[in-house]
Each structure stands twice: as C-alpha cells, then as structure tokens.
Amino acid sequence: MNELVLTLGWLGIYAPMALGAAASAIGCSIAGMASIGAMTETEGGYGRFVGVSAFPSTMVIYGIVIMFTLNRAVTPENAGGLFGIGILSGIALMYCGIWQGRACAAAINATKEKPEIFGLALAPAAIIEGFGVFAFVFALVISAGIS
Amino acid sequence: MPFWKGSSAEMSEQDAYIALMCSLPGSERLFVAKQPPLSRIRLDRRLTALTADDAKVLNVLEHTLSWSAYDMDVTDVQAIQRCKQALMDIPQPTLRKLFVERMELRSVVAALRLRKRGEPAPSGSFGVGRWSRHIPAYWTDPTFGLDTPMPWLKEAHQLLEDEDPLGLERLLLSISHKQLKRHAARHMFDFEAVAIYVLIWNIFDRWAQSSATEAAKRFEKLAQQAMADVADIDFEGASA
C-alpha cells in the first residue's frame, strides 16, 4: 500500500510539469496553425501573429516552478498532498493552455481582418492567462503547508 | 473523444481546420468588397486541405443546394429523393439542420410561386421539411399560416405579387445568409465552419450575379457585342 501512495506522490510532483508541457504544446500548435493560415491571407504583421501564437508557452513555465516547489522527499505522510496539488494544478494548467490557444487562434483570425482590434482581441487570452496564474500561485501557497 | 474537447462525439474535430479558416477572408468582407476578395479557383485551392470524407460531404451539400445542378425538367419526386439521399450522406447535425432549413425555405417559396401561377393545393404533402403537410392545408392563406416561423414570408409574398423577381431573389439570399450566420456562430475552426463559409461564398456569388448594376453592365456589354456583329453584316453590298 505504501508503495502505491509513494508512487502517487511522485506523480503529483511531476504532473504540473508534464501537463503544463502538454498544454503549451497543444495551445501553441492551435494558435500557430491560425497564424500560418493568417499569413497566407495578409500582406504584413506576421511577427505579431507568431508572437501571439507563443502565448500558451507560459503554462509549462508555471508547471516547472510548481514541480520544483513540490520536489522533496516523498513520504507516506506527504504523498497525498503532493498528489492532490500536483494533479489538480496540472489539469488546471492544461485546460488554460489549450483554451488559451483557441482564444489566440480566434484573436489572430479576427485581427487579420481588422488589425486595429489587435489589443482588444487578446483580452480573452489574457484573462485565461490570469486563471493559469491563479492555479500557479495558489499551488505554491498550498504546497508550503506540506511537510 | 478526449475529455478536454468539450463537444459531443457527433460533431467534427473542433480544431481540424484552423489554418484553413484563418487563410480565408472574413465572410462579411465578401459582401462589402467592390472586388471579390476570393475567387472560386482560389477557394477550391484552399479547400484541398479538406480530408477526403469532408470534401465528399461538402460536395454533396453544395451540389444539392446548387440550382445549376438540377435539370430544368426535374420532378418534385426526384428533387425530394435527392434531398433525402443528401441527408443520408451528411453526418454532421449542424449541416443537416441548415440543409433542411434551406430546403424548407425553397419549399415554401416554390409553393408561393405555384399558387401565383394559379395551381390548386397539392394533395398530401408538398416539398421537404416540417411544413410539407402544413403548406397544402393552408394553401389559401397568403403566408400559409407560417408568419411566426417565417416572418419574411409576407414580404416575399408581396414581392412576388409585385412581380419583382430581383427583389425576391435578394430577400431570399439575405434570409439564407442570416440562417447560415446563425449556425456559424457556434463553429469557429471545424468542418462545419468551412462548409458554412463555402455556402456563404455561394450566396455571395449569386448575390454578385444578381446585382442590378452588374447586370446592366453585362447587358450593355452583350448589346455592344451584338451591335458589333450587326455592323459586320453586309446589306445589299453596302456595309451597315
């Protein structure tokens, strides 16, 4: 039984990093495909499209920081806490990354028609980034209570 | 389907055609541009990104909705059978729904035209869709009792009575466009979005063809060509 609990603890430590990486990969690919499509239709502003498509890459950075914060000797006492925080923060980051990619794709699609709305079109992606930051910050706060 | 997709298994992959959709000019721009922002050749080139299955569905949808794909002497039974066959070949619920909506619109307009021609109420059902039995039952009503689901029918009836075919054509195109835009709001980058875009492009194409100004220009051009031909005719040895 102890082995299973310890395994869950290790899973919890690595989950934010792995799920964050998956989130960034999927999110960036979604937004990246949109920027490539938009480039074939527009005459300029390519750099902006590429920049926007890199937005979801922050999720893997949050995941790495959470992983380092959770990284410690895994014991039967702390394994449950590590598992809970790690898995749930990882899932939150994954959702944020994927949907941020979709929001970025929609922003790119809109700004290729109306470049003047570039800043406003990024607002949904920025709000989703805020939710990712919430998951990140409070994972750090809660992890301080784990022995 | 993965848990993060947030859609039912019957719908298409929601991120399947991100690059394709982003490479097309906005459908709103089609109607305000002086020059067509996207030719059919360019559109077809972009549509090569579709998978074979999706391309087949789009072809069925376009082909069944295109008037030019029907023979002049096609019977009601043949047309209805073709619609039923098309519905069997279209698996996406949104596309099926918009297809049926368009066919309902065509059925009710066909009924208006038949009645204007003095035809009696058809026996049994007429056309395709929810109102196929309702239309013959309310044949004498100016709008077939369909004011609520089809509020534009009154105007269509009036345009038909006023013998304004161009006005009627434009009204029907604008109604079809609104129907498509309503469905488009729920699809951003999936196959349904691509199919709706192509159908809107087709409306734009017909809209451009029905433009009075363009028609006048075309008529003038044809007339000049015809006159040029006449000028070459030799009347009794003297050039006209």
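Start by selecting the contact between the two chains of this predicted model: 18 residues from chain B and 18 residues from chain A take part. The size of an interface is often given as the accessible area lost when the parts come together. Here chain B and chain A bury about 1500 Å² between them, and 57% of that area lies on carbon and sulfur atoms.

Next, show the side chains at this contact and look for charged pairs. Three salt bridges are counted between chain B and chain A. To view a salt bridge between the chains, select Arg102(A) and Asp15(B), whose side chains meet at 2.8 Å, N to O. Then turn on polar contacts: five residue pairs, both residues at pLDDT 80 or more, are in polar contact between chain B and chain A.

Now hide chain A and keep the side of chain B that touches it. Colour helix 1 (18-22) and helix 3 (40-46) of chain B, since each supplies at least two residues of that side. Helix 1 of chain B gives the largest share, four residues. Colouring by residue class splits this side of chain B into 10 nonpolar, three polar and five charged residues.

Last, bring back chain A and select helix 6, residues 123-143. Ile127(A) lies in this helix. Show the surface and add Phe131(A), Phe134(A), Val137(A), Phe138(A), Val141(A) and Ile142(A) to the selection: together with Ile127(A), these residues make a nonpolar surface patch of about 690 Å².

Notes. Residues are numbered from 1 along each chain as its sequence is written. Chains are lettered from A and ligands numbered from 1 in the order in which they are written. This is a predicted model: local features need pLDDT of at least 70, side-chain atom pairs count only at pLDDT 80 or more; totals for chains, interfaces and linings use all residues. Side-chain values use heavy atoms; hydrogens and water are left out. Patches are made of residues with over 30% relative accessible area and no salt bridge: like charges are joined within 9 Å, nonpolar side chains (Val, Leu, Ile, Met, Phe, Trp, Tyr) within 5 Å. Accessible areas come from the Shrake-Rupley method with a 1.4 Å probe; for residues, only the protein chains shown count as cover. A salt bridge is a side-chain nitrogen of Lys or Arg within 4 Å of a carboxyl oxygen of Asp or Glu. Contact means heavy atoms within 4.5 Å. Buried area is the accessible area (1.4 Å probe) that two parts lose on being put together, summed over both. A polar contact is a pair of N or O atoms within 3.5 Å; within protein, one must be able to donate a hydrogen and the other to accept it, and residues adjacent in sequence count only if both atoms are side-chain atoms. Ala, Val, Leu, Ile, Met, Phe, Trp, Tyr, Cys and Pro count as nonpolar, Asp, Glu, Lys and Arg as charged, and the others, Gly among them, as polar.
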